Each structure stands twice: as C-alpha cells, then as structure tokens.
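Trainee: I have a structure open on my screen and I'm not sure how to read it. Could you walk me through a few features?

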Amino acid sequence: MDKFVIRGGKPLKGEVCISGAKNAAVAILPAVLLADGPCRIENLPRISDVNLIIRVMEKLGATVKMVDDSIAEIDPTAVSLYTVSEDMAKGMRASSYFLGALLGRLHRAQVAPPGGCDFGVRPIDQHIKGFEALGADVSIENNMVVCRANELMGGYVYLDVVSVGATINIMLAAVKAQGMTVIENAAREPHIVDLANFLNSMGANIMGAGTNVIKIRGVSHLRGTTYSIIPDQIEAGTYMVAAVATRGDVLINHVTPKHLESIIVKLAETGARIEQFDEAVRIRMDKPPRRCKVKTMPHPGFPTDMQPQITALLSLAEGDSTVIESVWDNRFRYIDELRKMGAQITVEGKRAEITGVPCLKHARVKATDLRAGAAMVIAALSCEGQSEIEDIIHIERGYENIVGKLSALGADICRVSMD
Ligand code: EPU
C-alpha cells in the first residue's frame, strides 16, 4: 500500500489538463456491449475504475485493444457470457451497469452486488423497478442479482428518487427493447447526456437526456461507433478548489464550463476570481475564503461529489459555514480525518457546521473514500509542513495522475511505498 506525502503551503500555479469523465466512462464502456460491431472510445481517463471495467468486459468475451493510454478499441461481438462475479463487482459501484447492458444485449444478466464508496446503504431498488417495467424478472440468487427476460418491451418508469445509476441502467436495458420507454424524474447529470449521445451515435433513439423526462424508442440494432468522452467536471472542480485553498492561480484546460456552473458560483461566493473561456477556466485567489452555505443536489445543483472538497476549503474560511448533504445519507465520515488537521466541524445528520480557522495543520490521515481522499489532498496542500495520506487506492480510482498534475502546478507531493 502506498501513501501520498505532501509538503504544503505552496500556491498552485500554472495549467492543468482535465481527463475524461470517470462517471461517463464507467457507463459508456458497458454500453459498448450493446453494439453489433467494434467501437473506438477516446478520452478515457487512466484510472483504476476504468481498468476494472475493461477487465470485466474482457472476461465476458469482448476484445479490448488499448491504442494508447486514453483510446480503446473494443469488439463486443463475441460476448455471450452474462455473469459478473463478486471479485469483479465488489470493487466499484459501476459494475451494476453490466445488469442493464447484458440484459439489453442477451436478455440475461447475473451480477454480484456492486461495491464502491461507502456512504451507508446504497440500494438498487430503482434500477430493479426499471428492469421490471421493461418485462424482466429480477431475483437475488446465491448473492447475485439475476435478471431474465424473454423479450424486453418498452415501459413507463417513474423514479422515486433522482438516481444517476438507475437512469443509466434503464437506458441501457431499454435502448434495444421493443417500443417506447419513458423515464420520469430522471437524473440530468452531464454523464447521462454523454451516454445518450454515445448510444445515439450507434443508432439509438433517445430523446430528452439532460431533462427529467427521457424517452427511448427501442431499435433492433446498434452499430459500432467512435466516441470521445466528456471532460470530468468533478476532477476540474477538485483542481479549482485546490487552487483556491492554496491561494493560487490555475488555468484549467479541457473542461466544459457549462458543466461547472454550480461549482463556479460557489467558489465565486468564497471570493475566488474566475474567468471562463470556451474550453477552460482560470481561477485565482489571493485572500482567505469567505464563508458560505452549500447544499448538495442532483444536477444542476451543487454536486455531492464536490462536497468533501468544498468542506475542506470552508474549514479555512473567515466565519462559519454550513454544508448540507442532501443526496447521500452518510457522506460525512471523512470529517474525523479533517479534524485531525485542525478543522473545526460539527456534524448532525446531513448537516455540517464549520467554524473557519486561519490555517489547517499537517497530519497523517486516511482517504476514507474517493472524494474524501481528494479533500485530504486539498487540506494537506493548503497547510505548512508534511502531511501523509494513506489508503490512496481510493483516490486513484477516480483521479488520473494526480501526483503528476499537482507537481506540474508546483505542489510538493510524492507517492511513497509504505512497505
Ligand atoms: N438511491 C435509491 N435507490 C436506488 C438508487 C439510488 O434510493 O435504486 C438513492 C441513493 O441511496 C442516494 C440517491 O438515490 O441517496 C442518489 O444515488 P444515485 O443512484 O444517483 O448514485 P449512484 O448512481 O450510485 C453516482 C455516482 C456517484 C455520485 C452519485 C450522485 C457513478 C459511478 N457514481 O452514484 O459518484 O455520488 O451518482 O451524483 O456514477 C463519485 O464519483 O465519487 C461518486 C460516488
């Protein structure tokens, strides 16, 4: 197990290039299984979650050729297996997308319950409700989620909660079903739109992605295609917060500024100066951040996946801030780690009250999950002295080359073996 060693207190300065979006990539790769021919997927982030998805696809019978680090050519034509075992599924949440993709392709799927970051209970009842609305039988057998259908027919699904995963999984299962599927109260995240654009480029007929009603008219065949994944708005947001926390000046390249709106608005409230360009944002800060109130919401609200990072920043704000987590029941577990660095935060249920301090202090902490790990990196970069962050395996699930990118911005960070 390796750790990050960070000697903080240096403003981040320079330019950083954002990779393809993790949460789009982990949906689009399983969607390739629906194609009748090879697909070329570009702008894949080089992260462990993507590697794991590719390994699962190979196990199922797909041929995957990495043209370079970020481009894969995938031929799914030989895929006839429909089982994703526990050792493959438990590593990440997105393994559940093989349910929708295999159901859509083979009318049969058997996938062990998904893993991923631990935010308390992470149900898939809305995914199952969607599959059943399309005519599938869903059962739990030998600790596997098993889906079977003689044929899939379009159906009407109202999601009781706005769920990214359920919206994606129902799209995957419905795209080759007979007739029209309607998903009401659908998630609207940029990666939902990216998946719809990908499927439409294969010949699918999906309308309304990006709104809360998605209509899918089933088609019998999907052809192979070439597609480039959108930039990762959470990676971009993380570097923006790191720039503000270190009072830096960073040009963040290869982003879609529209996807960053809620993050830009909040960081501007803290006093950061932000300029937007066609495919870049520049962010500067030269004073302590101002207090503010943040409430996470499904897109286009402030993303829950930026909650730990902004909490780390607001620990340094002048005055008292409030962060309300309204997507996940239990996403404040990392606060104990932030407290080790001197943050003054009390948590009650889904609400964190933060009393800003002038500076955090270096410490040895753990990355308790992916975005919590990013928050620890930001906290460590902001303060003088040497911090150590353990369990970085979580961080590397979702951030490509974080050491290289931060080093290029002037950070003193290295990855050290703990053996
Ligand atoms: N929910 C249900 N039933 C369901 C599905 C979800 O009650 O069947 C609830 C969840 O418990 C949660 C809420 O609905 O309270 C939202 O969950 P959602 O299904 O939207 O989350 P997800 O699809 O499991 C994805 C991202 C997460 C991100 C959430 C919310 C991927 C692979 N994961 O998870 O990303 O937090 O959407 O935006 O896309 C991350 O990247 O760090 C990460 C955790």
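**Reading the model, feature by feature**

Mentor: Let's start at the end of a helix: α4 is followed by H107, whose phi is positive, near 60°. Keep in mind that this is a predicted model.

Trainee: Is helix α4 itself enclosed or open to the outside, and why?

Mentor: To judge that, count the residues with under 20% relative accessible area, which are called buried. Helix α4 covers residues 97–106, and 8 of its 10 residues are buried, so the helix is largely enclosed by the rest of the structure.

Trainee: Which residues of α4 are the buried ones?

Mentor: They are Y97, F98, L99, G100, A101, L102, L103 and G104. Here's the general idea for helices: an α-helix has 3.6 residues a turn, so residues three or four places apart point the same way. In α4, the buried residues run from Y97 through G104.

Trainee: Let me zoom out. How many helices and strands are there?

Mentor: The protein has 14 helices and 24 strands. Buried residues make up 57% of its 419 residues.

Trainee: What does the radius of gyration tell me about the overall form?

Mentor: You compare it with what a compact globule would have. For 419 residues that would be near 22 Å, and the protein has 21 Å, so the two agree. Along the principal axes, the C-alpha atoms fill a box of roughly 65 × 45 × 40 Å.

Trainee: Now strands. How do I read the neighbours of β19?

Mentor: Look at the direction of each partner and at the bridges. Strand β18 (residues 293–295) runs parallel to β19, with 3 bridges joining them, and V294 stands opposite V323 in β19. The chain gets from β18 to β19 through helix α10 (residues 307–314), and this β-α-β crossover is right-handed. Strand β21 (residues 351–355) is antiparallel to β19, joined by 5 bridges. There, D320 stands opposite T355, and T322 has E353 as its bridge partner.

Trainee: Why is β19 called largely enclosed?

Mentor: Same kind of count as for the helix: 4 of the 5 residues of β19 (residues 320–324) are buried, so the rest of the structure largely encloses the strand.

Trainee: Which way do the side chains of β21 point?

Mentor: They alternate along the strand. A352 and I354 point to one face and are buried, while R351, E353 and T355 point to the other and are not.

Trainee: What pairs with β21 over a hairpin?

Mentor: That's strand β20 (residues 344–348), antiparallel to β21 over 5 bridges. V347 stands opposite A352. The hairpin has 2 residues between the strands, and G349 takes a positive phi near 60°.

Trainee: Last topic: empty space. How many cavities of 30 Å³ or more are there?

Mentor: The count is 3. The largest has a volume of about 50 Å³. Its lining divides into 8 nonpolar residues, 1 polar and no charged. Helices α8 (233–245), α12 (370–382) and α14 (402–408) each supply at least two lining residues, with the largest share, 4 residues, from α12.

Trainee: And how does the lining of the second largest pocket divide?

Mentor: This pocket has a volume of about 210 Å³. Of its 16 lining residues, the closest to the centre are A245, R247, C359, S382 and C383. The lining divides into 9 nonpolar, 3 polar and 4 charged residues.

Methods
Residues are numbered from 1 along each chain as its sequence is written. This is a predicted model: local features need pLDDT of at least 70, side-chain atom pairs count only at pLDDT 80 or more; totals for chains, interfaces and linings use all residues. Side-chain values use heavy atoms; hydrogens and water are left out. On a 1 Å grid over the protein atoms alone, a cavity is a set of points where a 1.4 Å probe fits but cannot get out, and a pocket is an open set with protein on both sides within 12 Å along at least five of seven lines; lining residues have an atom within 4 Å of a point. Grid points are joined across faces, edges and corners, and a volume is the space filled by probe spheres set on the points. Ala, Val, Leu, Ile, Met, Phe, Trp, Tyr, Cys and Pro count as nonpolar, Asp, Glu, Lys and Arg as charged, and the others, Gly among them, as polar. Buried means under 20% relative accessible area, exposed over 50%, partly exposed in between (1.4 Å probe, protein chains only). Two strands pair if DSSP finds at least two bridges between them. A crossover is right-handed if, with the strands pointing away from the viewer, the path from the first strand over the helix to the second runs clockwise. The radius of gyration is taken over C-alpha atoms; the globule rule is 2.2 Å times the number of residues to the power 0.38.
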